[in-house]
Structure formats: C-alpha cells, structure tokens
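Trainee: Could you take me through one part of this model up close? I'd like to see how the sheet is put together and what sits around it.

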Amino acid sequence: MTNERPAVVILAPLPIEIAALRAALGDSHGPVFTLPDNTQYYPIQVENECGTGYSVNIVALRRQGVLFAGIITTNVLHIWKPQMVVSFGIAGGFVGDDISLCDVIVADDIFYYEPAKETLKTDAVTGKTVK
C-alpha cells in the first residue's frame with residue numbers, strides 16, 4: 001500500500017468506469033494496491049498546466065449502493081484524509097445532444113434512492129400478514 005496522501009479520491013463501482021477514469025487521467029497500466037479490507041485502488045499522479053501535479057487514488061468499490069460507498073468513504077477519509085472525495089458513475093438517465101461521453105454532470109438536486117424490496121411478513125404476536 002502506498003502511504004502517499006492523495007489530494008483526490010474517486011470512488012467507482014464498475015470496472016468499465018475505472019478503466020475510463022484511468023485512461024482519462026493517463027494511467028491505463030499503473031499498479032494496483034490493496035487496502036487492509038481488500039479494497040483495491042489505483043494511485044495516479046496527474047500533472048496540471050502549471051507543472052505542479054497532484055495525486056489521485058481511484059478506489060474500486062466491490063459492491064454498488066450507498067451503504068457500501070459510505071463505509072468505503074469513511075475508511076478512505078480515515079486512512080488518507082484527502083482534500084476531496086468524488087463519487088463517479090454512469091449517468092444512464094441522461095440523453096440529448098448537449099451531453100457527450102466524459103462530460104461532468106453536477107446535480108441541482110439530490111434524491112436519496114436505494115433500491116428496496118417490499119415483502120409481506122407475519123406478525124409474531126397476532127399471526128396476521130403485515131406489510
């Protein structure tokens with residue numbers, strides 16, 4: 001594990017997203033490291049126009065969902081104390097001529113959404129079916 005404190009941590013759950021990020025940041029074949037909880041990450045040094053670089057760690061989320069992302073975010077904040085954490089993902093609901101591949105989309109509003117399944121249960125005391 002590299003001990004360098006990254007300026008930016010980017011969380012990404014899908015391998016295709018990680019590959020796109022690595023390619024966009026100019027590091028398609030760099031090393032992969034593993035945190036103590038088996039979370040993999042890719043440290044990348046990004047150069048800017050001023051000639052001063054900054055470090056980015058792309059963290060591969062092993063599962064999708066806000067709960068797991070929250071746990072991993074807590075861990076990386078504790079370990080690295082980055083200046084910024086970015087949640088990266090596919091914005092599959094966007095269509096139109098004004099949006100292209102690799103565009104950055106920033107939300108005006110944020111909605112909590114976590115898929116859930118409603119099931120019927122039996123109350124242990126009454127024996128009645130409840131939702």
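Mentor: Sure, and let's come in from a loop. Lys 81 sits in the loop between helix H2 (66-80) and strand E5 (84-87). Keep in mind that this is a predicted model. The phi of Lys 81 is near 50 degrees, a positive value in a residue other than glycine. Most residues other than glycine have a negative phi.

On one side of that loop is H2, which lies across strand E1 (8-12), E3, strand E4 (53-60) and E5, running at about 160 degrees to E1. On the other side is E5, part of an open sheet of five strands in the order E2-E3-E4-E1-E5, with mixed pairing. E2 and E5 stand at the edges with a single partner strand each, so one side of each has no neighbour in the sheet.

Now hop over to E2. Two bridges join E2 to E3, and the two strands run antiparallel; Thr 34 has Gln 40 in E3 as its bridge partner. The loop between strand E2 (33-34) and strand E3 (40-47) holds Asn 38, another residue other than glycine with a positive phi, near 75 degrees. Asn 38 counts as exposed because its relative accessibility is 55%, and the cut-off is over 50%.

For a contrast, look at Ile 18 in helix H1 (residues 15-24). Ile 18 is buried, with a relative accessible area of 8%. Leaving out residues up to four places away in sequence, Ile 18 touches Ala 12, Tyr 42, Ile 58 and Ala 60. Take Tyr 42: it is 24 residues from Ile 18 in sequence, yet their C-alpha atoms are 9.0 Å apart in space.

Terms used. Residues are numbered from 1 along each chain as its sequence is written. This is a predicted model: local features need pLDDT of at least 70, side-chain atom pairs count only at pLDDT 80 or more; totals for chains, interfaces and linings use all residues. Side-chain values use heavy atoms; hydrogens and water are left out. Helices (H or I, at least four residues) and strands (E, at least two) are DSSP runs, numbered from the N terminus. Buried means under 20% relative accessible area, exposed over 50%, partly exposed in between (1.4 Å probe, protein chains only). Contact means heavy atoms within 4.5 Å. Two strands pair if DSSP finds at least two bridges between them. Axes are lines fitted to C-alpha atoms, for helices over the stretch in contact, and angles run from 0 to 180 degrees between N-to-C directions.
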